[in-house]
Amino acid sequence: MFEVLGYVLFFFAGLFFGLFGSGGSIIILPILIYLFDIPIYQATTYSLLLVFLITFFGTMKHLLSKNLHVEKIWVFILLTLICTGLSRTFLFPNIPSLIPILNISKESFLMILFSIIILFSGLSMFQADRISIKDNFNIRLILIGIIVGILTGLLGIGGGFIILPVLILFLSMDVKKAATTTLFIIMLNTLLAILLEVTVFNFTFDLGFLFIVLFSSSIGLLTGVYFLNKIDVNLTKKLFSISLLLLSLIIFLLELYKICT
């Protein structure tokens, strides 16, 4: 029963990528952990591969449509790639299975961190005014690039729910252009992390499981891309923000329940 629900939710993960250029990984990781009962290391690795494959298909579609614009953010992209590699190779493996100070498991710690990040990202999307790009813009962009890379390595996510608000608020991109650019950045980040898993850590995947999940997610992706040009931009932004806030609350409450019991 839970697995069937999981496959349905993978459709919505793809839908998020198609509509927002991000957000799919924030659904994929909880599905793998809570519905399929996969340990956090395997879950983050599967999440990385699934996110890469979904964003690859989405990026190729946008390339053919000439919707991709990345000329001004190559430094940002390079920083995320470097920090993704360092985080996945050195930081994630060295986090202890039990966090001594907090007395919680590694999985609970990472998922609570995950929920907090999603919360702030969702709140940032409600900001109506553009952030000035004159004051310390390069420093802010560098710091955010570092954060995105670290989170990609730690949580098996593309970081799109951070990248999308950054492109909208800092670079004054509209939602549609930011969505296509975010897809491209996520694709590069997750590709690097997967290459490290396969070559350095010799991780192997269940191809049958991947095929079913990818099929469901791809249908969602194509559905999202189709509706991207047919729905109101402001409505898209509000839907994305509300989705992030709800998911952050659900994950936090689930982890709090696990800790208390």
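Colleague: How do you know that the side chain of Thr 55 is within polar-contact distance of the backbone oxygen of Phe 52?

Modeller: This is a predicted model, so the distance is computed from it. That oxygen of Phe 52 sits 3.0 Å from a polar atom of the Thr 55 side chain. The cut-off for a polar contact is 3.5 Å, so 3.0 Å falls within it.

Colleague: Why is Thr 55 called buried?

Modeller: Its relative accessibility is 0%. Buried means under 20%, so Thr 55 qualifies. Thr 55 belongs to helix 3, residues 40–64.

Colleague: What does Thr 55 touch, beyond residues up to four places away in sequence?

Modeller: Phe 17, Leu 183, Ile 186, Met 187 and Thr 190.

Colleague: Stay with buried residues. What makes Ile 194 one of them?

Modeller: Ile 194 has 7% relative accessibility. The limit is 20%, so Ile 194 counts as buried. Its place is in helix 8.

Colleague: Which residues touch Ile 194, leaving out those up to four places away?

Modeller: Thr 45, Leu 48, Leu 49 and Phe 205. There is also a pairing by distance: Leu 50 is 144 residues from Ile 194 in sequence, yet their C-alpha atoms are 10.0 Å apart.

Colleague: And why is Ser 248 called buried?

Modeller: Ser 248 has a relative accessible area of 5%. That is under 20%, so the word applies. Ser 248 is part of helix 10, residues 233–260. With neighbours within four places set aside, Ser 248 contacts Ser 115, Ile 118 and Leu 119.

Colleague: Now the surface. Why is Leu 5 called partly exposed?

Modeller: The relative accessible area of Leu 5 is 40%. Buried is under 20% and exposed is over 50%, so 40% lands in between. Leu 5 is in helix 1, residues 2–20.

Colleague: What makes Leu 5 eligible for a patch, as far as area goes?

Modeller: A patch residue needs over 30% relative accessible area, and Leu 5 has 40%, so the area test is passed. The patch is nonpolar and covers about 340 Å². Val 4, Leu 5, Val 8 and Phe 12 make it.

Colleague: What makes the phi of Asp 37 worth pointing out?

Modeller: The phi of Asp 37 is near 55 degrees, a positive value, and Asp 37 is not glycine. Most residues other than glycine have a negative phi. Asp 37 sits in the loop between helix 2 (24–35) and helix 3.

Colleague: Why is Asp 37 called exposed?

Modeller: Asp 37 has a relative accessible area of 66%. Exposed means over 50%, so Asp 37 meets the definition.

Colleague: Where does Asn 202 lie, and is it buried or exposed?

Modeller: Asn 202 is in the loop between helix 8 (175–199) and helix 9 (207–228). Its relative accessibility is 58%, over the 50% limit, so Asn 202 is exposed. Asn 202 also has a positive phi, about 55 degrees, without being a glycine.

Colleague: Last, the whole chain. How many helices and strands are there?

Modeller: Ten helices and two strands. Along the sequence they run α-α-α-α-β-β-α-α-α-α-α-α. The chain has 261 residues, and 53% of them count as buried.

Colleague: What share of the contacts with a separation of 6 or more joins residues 24 or more positions apart?

Modeller: 79%. As for the surface, the chain exposes about 12,400 Å², with carbon and sulfur atoms supplying 72% of it.

Notes:
Residues numbered from 1 in each chain as written. Predicted model: local features only at pLDDT ≥ 70, side-chain atom pairs only at ≥ 80, totals over all residues. Heavy atoms only, no water. Helix = DSSP H or I, 4+ residues; strand = E, 2+ residues; numbered from the N terminus. Buried < 20%, exposed > 50% of the residue type's maximum accessible area, 1.4 Å probe, protein only. Contact = heavy atoms within 4.5 Å. Polar contact = N/O pair within 3.5 Å; in protein donor to acceptor, adjacent residues only side chain to side chain. Patch = residues over 30% accessible without salt bridge, like charges linked within 9 Å, V, L, I, M, F, W, Y side chains within 5 Å. Areas by Shrake-Rupley, 256 points an atom, 1.4 Å probe, with all protein chains shown as cover. Salt bridge = Lys/Arg side-chain N within 4 Å of Asp/Glu carboxyl O.
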